[in-house]
There are 2 protein chains.
Amino acid sequence: MMKSRRRATSFDVAALAGVSQSAVSRAFSPQSSIAADTRARVLDAARKLDYVPNRIASSLTTRRTNIVAVIVGDMANPFYVQALHCIGRSLQAQGRQVLLFTLDRDASADDVMRRVLQYQVDGVVLTSARLSMRMTGRSLDRGVPIVLFNRYIPGHDAACVRCDNVHGGGLIASALLAAGGRRFAMITGDPGATTSQDRVRGFVTHLAQAGVAPEDIAEACGHSTYEGAAAAALALFDRPRRDWPDALFCINDIMALGAMDVLRARLGIAIPDALQVAGFDDIPQAAHLSYRLTTVAQPVDAMVAEALALLHLDGPARHIERAIDRALPGHLVVRATLRPPGG
Amino acid sequence: MMKSRRRATSFDVAALAGVSQSAVSRAFSPQSSIAADTRARVLDAARKLDYVPNRIASSLTTRRTNIVAVIVGDMANPFYVQALHCIGRSLQAQGRQVLLFTLDRDASADDVMRRVLQYQVDGVVLTSARLSMRMTGRSLDRGVPIVLFNRYIPGHDAACVRCDNVHGGGLIASALLAAGGRRFAMITGDPGATTSQDRVRGFVTHLAQAGVAPEDIAEACGHSTYEGAAAAALALFDRPRRDWPDALFCINDIMALGAMDVLRARLGIAIPDALQVAGFDDIPQAAHLSYRLTTVAQPVDAMVAEALALLHLDGPARHIERAIDRALPGHLVVRATLRPPGG
DNA sequence: CCGCGCTTTGCATACGTATGCAGATTTTCA
DNA sequence: TGAAAATCTGCATACGTATGCAAAGCGCGG
């Protein structure tokens, strides 16, 4: 059976059902004023013609595309994949979809933002550390709601949802102290990312209260990647054995995996006996039996729900949040990379 | 400075530049017939008004959205994340975007496909094993090009790009034999997935040629997940120690990680000394020092390039490929989970 | 039987851009 | 210099749907 070349439109359905095009439109919009039997007749005709409403066309008049742009900075970090997955699920449950933008190293902010705006998205979720400022500016100027996911811009008034990273850093410091850590080290992420800065700050501040001077905490930058962290870990241990750290905080899990792997494989360091390790994020791999990483779990579901709520996708009038900064608390997940306290 | 509430349209730009709306449209389309200085004047006015062409509106007349739907069945498998990332990068380089559809366990094929069709996408890339048949049917009926990524449907004529899984299974069999494997075992994936079936077939066939009877190969289903594989691995070793397998093929890497983790942690099995393990896919984690997994690398970049080419997104007339089945060869990546041959 | 209110329907138009066509302008060549 | 060719521009319309408005149909109470 050969289908007609042209796709059926609401006019075709209207003709078959013996109603006007308006009736077809109303039949497909739940809250419209239309008689039950008319709707049934229309849906029946639509089925016969294999008609599917054209959302692109409808978005012209409704001024809503039901599309949300998600800009992912680092697809190599499972945490952001997890966040993307969660965002996609939530939006799909609302009848909306994700338009995905991945950001390459050399991507220009203006370039990405121009593409986002061309697609008339209803909102933007930005998970990229880099380029945030210029992108949020253009988005807000054009009346497109944007929410920063897990990062913020100090001088700027864009809405932001994040884990309380300072608090989380403190949780890690507290756990490492309780487990008997004495010589502390950190592997930090992208230096420009507030995520990294805040976790470091929470960690250092809490240690300071326990009498550990900041200058006694060894530090190396792992650039938020597995490989970068492996290199950083080796750098931290490039010193006499008696000065080796015995407690290491990696500001995210993916770096903790890199550090653990290289330290065990290259230097034969036993974890947690010779070195205690903690991460941040609670990515799926942190629970794997090769790592059993102690970490701070981010409340991803709640963060996503909050972020999408701040976009105000429902409701007739578009309201843009300003100067919102929601910090949700994470919680410590204790696994096997710390010694039991008092053990 | 307060921006006007309404976004600037091509008419606004036209008025400011003193030209017609058509001229504005042409100024933004590279191959249009327009004088250089007119274009410059238009672009200048556009910049002043912060005008961005509305791609949604333009797609109404061009009948192209420059959007490709990507349906991801399993976001928990890093291989598909990697594929998604690669697809996104390639499309963005062509000025197109990915509209992401994630498939939950309980998602209905009709439901997802209806949403795909509503958005008038220019093409569909389907990476989900389940539901493939009904989805491809509806897509093709409506003239939307669809390509199955790394799976195919035997009775169906949709285009398909995949790794040569039979060949890859043979590579693994060959490597395990050369490394001295004697008692073989497999952890299989989703029973309905051709990906799993083909890899198993290649593996079993190759072993048979070497004199290993299929019924001597132990088998358990890991359902393509880390956790499922861990359970399957324990089941395979739930027998007298002298009957334990010494060569294990997991039909994808994520399951190999699960199997290795549980066998080492729970049963204390040394890899590769007591057990040799191989996977398939070459996900990033396979290279991590905790695993150093021998596996078959899929040529993801080439597969994605081929898949997108089959959609025929360029060119004026939409041509739909039928009955295409491209199988690209993978290559063995030897790491530390096999003993060196002759060692 | 009349008038009021409620529901349902169709008409007309708007959304923002692309493009065929014809007219206008410039260039080319004899 | 003139005519033909080439280039550029604007007009008008189409793409597919949503919705304000008014008209029509209906039920109900007086």
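Reader: Which atom of B:Ser20 lies 3.1 Å from a phosphate oxygen of DNA strand D?

Author: A polar side-chain atom of B:Ser20 does. Keep in mind that this is a predicted model. Chain A touches a phosphate another way: a backbone N or O atom of A:Asn54 sits 3.2 Å from a phosphate oxygen of strand D.

Reader: What lies 2.9 Å from a base nitrogen of DNA strand D?

Author: An N or O atom in the side chain of B:Ser22.

Reader: Which elements give two or more residues to the surface near DNA strand D?

Author: From chain A, α1 (10–17), α2 (21–27) and α4 (55–62). From chain B, α2 (21–27) and α4 (55–62). The most comes from α4(A), with 5 residues.

Reader: How many residues of each class does the surface near DNA strand D have?

Author: There are 14 polar, 10 nonpolar and 3 charged residues. Of the 27 residues around the strand, those that come nearest are A:Ser10, A:Ser25, A:Thr61, B:Arg26 and B:Thr38. On the DNA side, sugar and phosphate make up 61% of the strand D atoms within 4 Å of the protein.

Reader: Now a helix. Which residues of α12(B) are buried?

Author: B:Val300, B:Met303, B:Val304, B:Ala307, B:Leu308, B:Leu310 and B:Leu311. Look down the axis of α12(B): the buried residues fall within an arc of 155°, so they line one face of the helix. Their cover includes β1 (67–72), α5 (78–93) and β11 (325–328) of chain B.

Reader: Why should helix α12 of chain B span 16 Å?

Author: Because its 12 residues, 300–311, are counted at 1.5 Å a residue. The end C-alpha atoms are 17 Å apart, which agrees. Just after the helix, B:His312 takes a positive phi of about 50°.

Notes. Residues are numbered from 1 along each chain as its sequence is written. Chains are lettered from A and ligands numbered from 1 in the order in which they are written. This is a predicted model: local features need pLDDT of at least 70, side-chain atom pairs count only at pLDDT 80 or more; totals for chains, interfaces and linings use all residues. Side-chain values use heavy atoms; hydrogens and water are left out. Helices (H or I, at least four residues) and strands (E, at least two) are DSSP runs, numbered from the N terminus. The expected span of a helix is 1.5 Å times one less than its number of residues. Buried means under 20% relative accessible area, exposed over 50%, partly exposed in between (1.4 Å probe, protein chains only). The arc is that of the directions from the helix axis to the C-beta atoms. Contact means heavy atoms within 4.5 Å. A residue is near a molecule or strand if one of its heavy atoms lies within 4 Å of it. A polar contact is a pair of N or O atoms within 3.5 Å; within protein, one must be able to donate a hydrogen and the other to accept it, and residues adjacent in sequence count only if both atoms are side-chain atoms. Ala, Val, Leu, Ile, Met, Phe, Trp, Tyr, Cys and Pro count as nonpolar, Asp, Glu, Lys and Arg as charged, and the others, Gly among them, as polar.
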